[in-house]
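Biologist: Pick one part of this model and take me through it slowly. I'd like to see how the pieces fit together there.

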Amino acid sequence: MNEEELRSLGLRQQALLACLRLCDGDLSRTFTAEDILVEAWSKDRAAWALRGHEHDHPDAEKINKELNRRGEIGLVGQGLLERVDRMVYRMTGTGLHEA
């Protein structure tokens, strides 16, 4: 997927692809919310950056919204990621398939 295609995706889809890169297909591998954020930000700084600091800092609030929105809207609620500890996640089989 090239940069233009990646940028055309929504934040949730970009976050899921970041998780795929982090786990490299290994469903036992865990990663933190910060890992996901930095990985997503490295591919699309404009989308994931702290406003006014696009080239310097990612915005942690953006990843928290995509991971943990109430109900079935967030990546965890949709069953695409599993929360294994506070701010630590693992991709599910469903998430791997979706990515």
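**A close look at strand E3**

Modeller: Let's start with one pair: Arg-83 has Tyr-89 in E3 as its bridge partner. Bear in mind that this is a predicted model, where local features need pLDDT of at least 70, side-chain atom pairs need 80 or more, and totals for chains, interfaces and linings take in all residues. Numbering runs from 1 along each chain as its sequence is written, and side-chain values use heavy atoms, leaving out hydrogens and water.

Four bridges hold E2 (residues 81–85) and E3 together, antiparallel; pairing takes at least two DSSP bridges. Helices (H or I, at least four residues) and strands (E, at least two) are DSSP runs numbered from the N terminus. In the E2–E3 hairpin, two residues sit between the strands, and Met-87 adopts a positive phi near 65°. E3 (residues 88–91) also pairs antiparallel with E1 (residues 30–32), through three bridges; there, Thr-32 has Val-88 as its partner.

Now for a helix that E3 helps to cover. In H5 (residues 60–68), the buried residues (under 20% relative accessible area, 1.4 Å probe, protein chains only) are Ile-63, Glu-66 and Leu-67. They lie on the same side of H5 because their arc, taken from the axis to the C-beta atoms, is only 100°. Their cover includes E2 and E3, along with H2, H3 and H4 (45–48). Two of those covering helices, H2 and H3, also touch each other (heavy atoms within 4.5 Å): Ala-15, Ala-18, Cys-19, Arg-21 and Leu-22 in H2 meet Asp-35, Ile-36, Glu-39, Ala-40 and Lys-43 in H3.

Note on methods:
Buried < 20%, exposed > 50% of the residue type's maximum accessible area, 1.4 Å probe, protein only.
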